[in-house]
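The following exercises ask the reader to work through one protein structure, element by element. Each task is followed by a solution in steps.

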Amino acid sequence: MKKIIKSIILLAGLAVAAPQVHAQVSVGLSVRIGPPALPVYEQPVCPADGYIWTPGYWAYGDDGYYWVPGAWVAPPSVGVLWTPAWWGYDGGIYAFHAGYWGPHVGFYGGINYGFGYGGSGYYGGRWSGGHFAYNTAVSHVNRTVIHNTYVNNTFVRNNSRASFNGRGGVTARPSRNDQMAARDRHIPATSNQLAHQRTASTNRSQFASVNHGRPAVAAERANTRAVNRNTSAQRATARATNHAANAQHSVARATNHEAIATNHAATAQRAATRQASTQRSYAHANVNRAPSAQHAAARPAMQQHSAQRLSMQQHQVNRAPTARPMGQPQQHSQPQQHSQPRPQPQHQAAPGGGHRR
């Protein structure tokens, strides 16, 4: 019988380590004896900002049920919440359902684990802007250290201490929200949670057969120094990641500046090329325009010369003899006769009465 139980526990451990797809998938562990009632205990103070409370529960081992103390746990990622493990009675056996992380709290049997887990959902805190805010109405936090807090008393109070769902225990059924949460992507318990469970399984005082339902350690008080060291390491890692990201941004900015400078140089080169091309076009146009200007300057002289030649040709045409008809005698122009008489020589008498011509 013990070998069978060990095999079942091994299967349960493998199932817990594997990703959970639905909230209501049994891990394979089932027994015929129901778990004891939930013990009454005080919640320890939250050790660091961002930790989420995971309530205690009854697990099963070689020597029967043992209590896994409640503990504050660092979630595996921002924005996820814890759905507690629970037992369900059906068909004469008690089946164990492992807890998981997810964006919403799913069905956990309607069991009142307290401290925000009243049987449906979780009202002990909520994510806001990447930070977890605590409802101090049900969560024990030191508000001088943790400042992300609020107060909300509007929740259903359930005083039942039943530790399983089914006949003789809680008779709750999954709501529509629980069914929607069952379809979320689920993350199994963290390595710290599994180590916490293994530690409880080796402590004889945690078994119900020894403590009769009153475990010696009902809630684990976190090692504040270890939590602070872990938190400091996480912050240092976050700072290093931020520095690396800033360095990458600086390199990207430098690359962008180089690209901008290259673009400016290319633009200036293109502008210079365009200017040189424009100047060459202007020079070519001026070269072509120079003969045209010379021709234009020479054209008036040529026109004047042509006019002179035309005038000379016309003059020659005017001077040419007029063609006469055949057989008509040519008339010669007579020299113009002068109407004035020719002067006659005058004779003067020579001295002595003689004449001299």
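In this predicted model, Val31 stands opposite Tyr94 of strand β8. The exercises begin with the sheet that contains this pair.

**Exercise 1. Determine the strand order of the sheet that holds β1 and β8, and identify its edge strands.**

Step 1. Start from the pairing of β1 with β8: the two strands run antiparallel and are joined by two bridges. The facing residues Val31 and Tyr94 belong to this part of the sheet.

Step 2. Proceed to the other pairing of β8. Strand β7 (residues 86-90) pairs with strand β8 (residues 93-97) over five bridges, again in the antiparallel sense. Tyr89 stands opposite Tyr94 in β8, and Gly88 stands opposite Ala95.

Step 3. Assemble the sheet. It is open, has four strands in the order β1-β8-β7-β13, and shows mixed pairing.

Step 4. Identify the edges. β1 (30-31) and β13 (164-165) each have a single partner strand, so one side of each is left without a neighbour in the sheet.

Step 5. Examine the cover of β8 and its connection to β7. Four of the five residues of β8 are buried, so that the strand is mostly covered. The hairpin of β7 and β8 has two residues between the strands, and Gly91 in this hairpin takes a positive phi near 70°.

**Exercise 2. Describe how β3 and β4 are joined, and decide whether β4 is mostly covered or mostly open.**

Step 1. Establish the connection: a hairpin leads from β3 to β4 through two residues.

Step 2. Establish the pairing. Strand β3 (residues 57-61) and β4 run antiparallel, with five bridges between them. Within this pairing, Trp58 has Trp67 of β4 as its bridge partner.

Step 3. Apply the cut-off for burial, which is under 20% relative accessible area. Five of the five residues of strand β4 (residues 64-68) are buried, and the strand is mostly covered.

**Exercise 3. State which strands stand at the edges of the sheet formed by β10, β11 and β12.**

Step 1. Write down the order. The three strands form an open sheet, β10-β11-β12, with mixed pairing.

Step 2. Locate the edges. β10 and β12 (149-150) each have a single partner strand, and therefore one side of each lacks a neighbour in the sheet.

Step 3. Consider the pairing of β11 with β12. Strand β11 (residues 131-135) runs parallel to β12, and two bridges join them. Tyr134 has Thr149 in β12 as its bridge partner.

**Exercise 4. Characterise the largest cavity and its lining.**

Step 1. Count the cavities: there is one of 30 Å³ or more. The largest cavity holds about 210 Å³ of space.

Step 2. Name the residues around the centre. The lining comprises 16 residues, and those closest to the centre of the cavity are Tyr57, Trp82, Ala189, Gln193 and Gln197.

Step 3. Trace the lining to its elements. Helix α3 (residues 191-201) contributes the most, with four residues.

Step 4. Classify the lining by residue type: 11 residues are nonpolar, five are polar and none is charged.

**Exercise 5. Locate Phe115 and His212, and decide whether His212 is buried or exposed.**

Step 1. Consider Phe115. Although Phe115 is not a glycine, its phi is positive, at about 60°. Phe115 lies in the loop between β9 (100-102) and β10 (125-128).

Step 2. Consider His212. This residue also is not a glycine, yet its phi is positive, at about 55°. The loop that contains His212 lies between α4 (208-211) and α5 (224-319).

Step 3. Apply the cut-off for exposure, which is over 50% relative accessible area. The relative accessibility of His212 is 63%, and therefore His212 counts as exposed.

**Exercise 6. Summarise the protein as a whole in terms of its elements, burial, contacts and surface.**

Step 1. List the elements: the protein has five helices and 15 strands.

Step 2. State the burial: 32% of the 357 residues count as buried.

Step 3. Take the contacts between residues at least 6 apart in sequence. Of these, 64% join residues at least 24 apart.

Step 4. State the surface. The accessible surface comes to about 23,900 Å², and 54% of this area belongs to carbon and sulfur atoms.

Technical notes. Residues are numbered from 1 along each chain as its sequence is written. This is a predicted model: local features need pLDDT of at least 70, side-chain atom pairs count only at pLDDT 80 or more; totals for chains, interfaces and linings use all residues. Side-chain values use heavy atoms; hydrogens and water are left out. On a 1 Å grid over the protein atoms alone, a cavity is a set of points where a 1.4 Å probe fits but cannot get out, and a pocket is an open set with protein on both sides within 12 Å along at least five of seven lines; lining residues have an atom within 4 Å of a point. Grid points are joined across faces, edges and corners, and a volume is the space filled by probe spheres set on the points. Ala, Val, Leu, Ile, Met, Phe, Trp, Tyr, Cys and Pro count as nonpolar, Asp, Glu, Lys and Arg as charged, and the others, Gly among them, as polar. Buried means under 20% relative accessible area, exposed over 50%, partly exposed in between (1.4 Å probe, protein chains only). Two strands pair if DSSP finds at least two bridges between them. Contact means heavy atoms within 4.5 Å. Accessible areas come from the Shrake-Rupley method with a 1.4 Å probe; for residues, only the protein chains shown count as cover.
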